[in-house]
Amino acid sequence: MTTVLLIVMLSLLLLGFPMMTTLLAAAGIGFVAFFNMGPEFIIQQMIAGIRPAALVAVPMFILAADIITRGATANRLLDVAMAFVGHMRGGMAITTAVSCALFGAVSGSTQATVVGVGSIMRPKMLQQGYKDSFVLALIINASDIALLIPPSIGMIIYGVVSGTSVAELFIAGIGPGLVLMLLLSAYCYFYARREGIPQAPAMPWSERLRLCRRAILPMLLPVICIGGIYSGAFSPTEAASISVLYALVLEVVIFRRLHLKELGSIALSTGLITAVVFILVAAGSAFSWVISFAQIPQQILAGIGLMSASPTELLIIISVAFFIGCMFVDPIVVMLILVPIFTPAIKASGLDPVLVGTIITLQAAIGSATPPFGCDIFTAIAIFKRPYFEVIRGSLPFFAILLLMSALLIVFPQITLALRDLAFR
């Protein structure tokens, strides 16, 4: 059965069929040919896959990110970052890394961060003398922070598939997100020093305070969401709906950068993205049921000796598997396929599922920015109108930094777990 499903999936992918069709075809063969079950069982499993209430947060956060990207929030967050680090050596590049963290805290999407931060910062960095290859690589790789800093769409998907608390995952992502921001900022400093990039003059404190006052309302969004989840005032799903309401009030009523007539196109864009996500989740759920019922994960893990692997060895193997998978396939699809396969070994090893989820989310973020098919690369190509090889030319140093970040999470798990333990233990 494993061989047949693998041949079917690879054949369909090579023929150019979308991943949704590939997953459903494999699931259908499993249900009908091997388990002698009718199509109604496939539909039942698909519906079960999109039934968890936590998934309601996905379209909500996508909608909030779309509203914020088209409004004034992005500019105000960038202005604050520039006010405090813009005068440092490499300040413009460091501002980009810090802005990705700030924007990630209100969007939860790497692609929204590429658009929101990149479209503003790229012209400024080019004007200051940065090479375009460095600028493009920085934007697509610093956007990885957005998938770690809560709210994170990737963590919601992992939490639903694995049954892990989304609230704990959100809190656990803060530490790794901040560490990655610092590592990227350090490289930006040394790059600017080596290339002789001029420093901008420091802003007077009066101007910094003015920009901070302008950004108070946008910065309250992550405070409200994470503070509400941490305090138990509301769930991650309720936090997502509050994010949408808050973003609408900011951009339509207070900043007045959006008109009500624009909400239709924003809602349509959100609906299209949500439809793709939910179809993939539904198809992946049916496929996961087939491989779980057939005990394929146990067979694979036993065949390669993973059931007896040490926790550290298992984390390394998981990191490599998800990194390679996300280089070629959408991270959501990789999670839907691989998480059920590794779940038995994770439970047997006693690893904390929140730690595993954070590492998997980091690998998903890295894969999103890594050739050949990282989705952030193609987002940058579409937004900046630059050829593929120019977009990826400067990525190697950032790739090394992200690998270092992966190693740090494995060697020092408290980077991930310290805040989670403080909040929930």
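Leu147 lies in helix α9; helices here are DSSP runs of H or I with at least four residues, strands are runs of E with at least two, and both are numbered from the N terminus. This is a predicted model, in which local features need pLDDT of at least 70, side-chain atom pairs count only at pLDDT 80 or more, and totals for chains, interfaces and linings use all residues. Residues are numbered from 1 along each chain as its sequence is written, and side-chain values use heavy atoms, leaving out hydrogens and water.

**Leu147 and its surroundings**

Leu147 is buried, at 9% relative accessible area. Buried means under 20%, exposed means over 50%, and partly exposed lies in between (1.4 Å probe, protein chains only). Setting aside residues up to four places away in sequence, Leu147 touches Gly108, Thr110, Ser152, Gly154, Met155, Thr361, Ala364 and Ala365. A contact means heavy atoms within 4.5 Å. Leu15 is 132 residues from Leu147 in sequence, and their C-alpha atoms are 31 Å apart.

**The whole chain**

The protein has 23 helices and zero strands. Its radius of gyration, taken over C-alpha atoms, is 22 Å, close to the 22 Å that the globule rule gives for 425 residues, so the protein is as compact as a globular protein of that length. That rule is 2.2 Å times the number of residues to the power 0.38. Along the principal axes, the C-alpha atoms fill a box of roughly 70 × 45 × 45 Å.

Buried residues make up 54% of the 425. Of the contacts with a separation of 6 or more, 79% join residues 24 or more positions apart. The accessible surface is about 17400 Å², and 70% of it belongs to carbon and sulfur atoms. Those areas come from the Shrake-Rupley method with a 1.4 Å probe; for residues, only the protein chains shown count as cover.

There are 22 positive and 17 negative side chains, and the centres of the two sets lie 10 Å apart. Lys and Arg count as positive, Asp and Glu as negative; His and the chain ends are not counted. Each charge is placed at NZ of Lys, CZ of Arg, CG of Asp or CD of Glu.

**Confidence**

The mean pLDDT is 85, and 97% of the residues score at least 70. This score is the predictor's confidence in each residue, from 0 to 100. Helix α12 (residues 174-195) has the highest mean among the elements, 94, and helix α16 (residues 296-303) the lowest, 65. Where pLDDT is low, the predicted coordinates should not be read in detail.

**Backbone exceptions**

Most residues other than glycine have a negative phi, and most peptide bonds are trans. Two residues here have a positive phi.

| Residue | Phi | Loop | Relative accessibility |
|---|---|---|---|
| Asn36 | near 55° | α2 (19-34) to α3 (39-49) | 71%, exposed |
| Arg256 | near 55° | α14 (236-254) to α15 (263-293) | 65%, exposed |

The peptide bond from Pro150 to Pro151 is cis, with omega near 0°. Pro151 sits in the loop between α9 (145-148) and α10 (153-162).

**Two more helix residues**

Gln363 belongs to helix α19 (residues 353-368). Gln363 is buried, with 3% relative accessible area. Leaving out residues up to four places away in sequence, Gln363 touches Ser319, Phe322, Phe323, Cys326 and Ser406.

Ser241 is in helix α14. Ser241 is partly exposed, at 31%. Ser241 and Gly154 are 87 residues apart in sequence and 17 Å apart in space, C-alpha to C-alpha.
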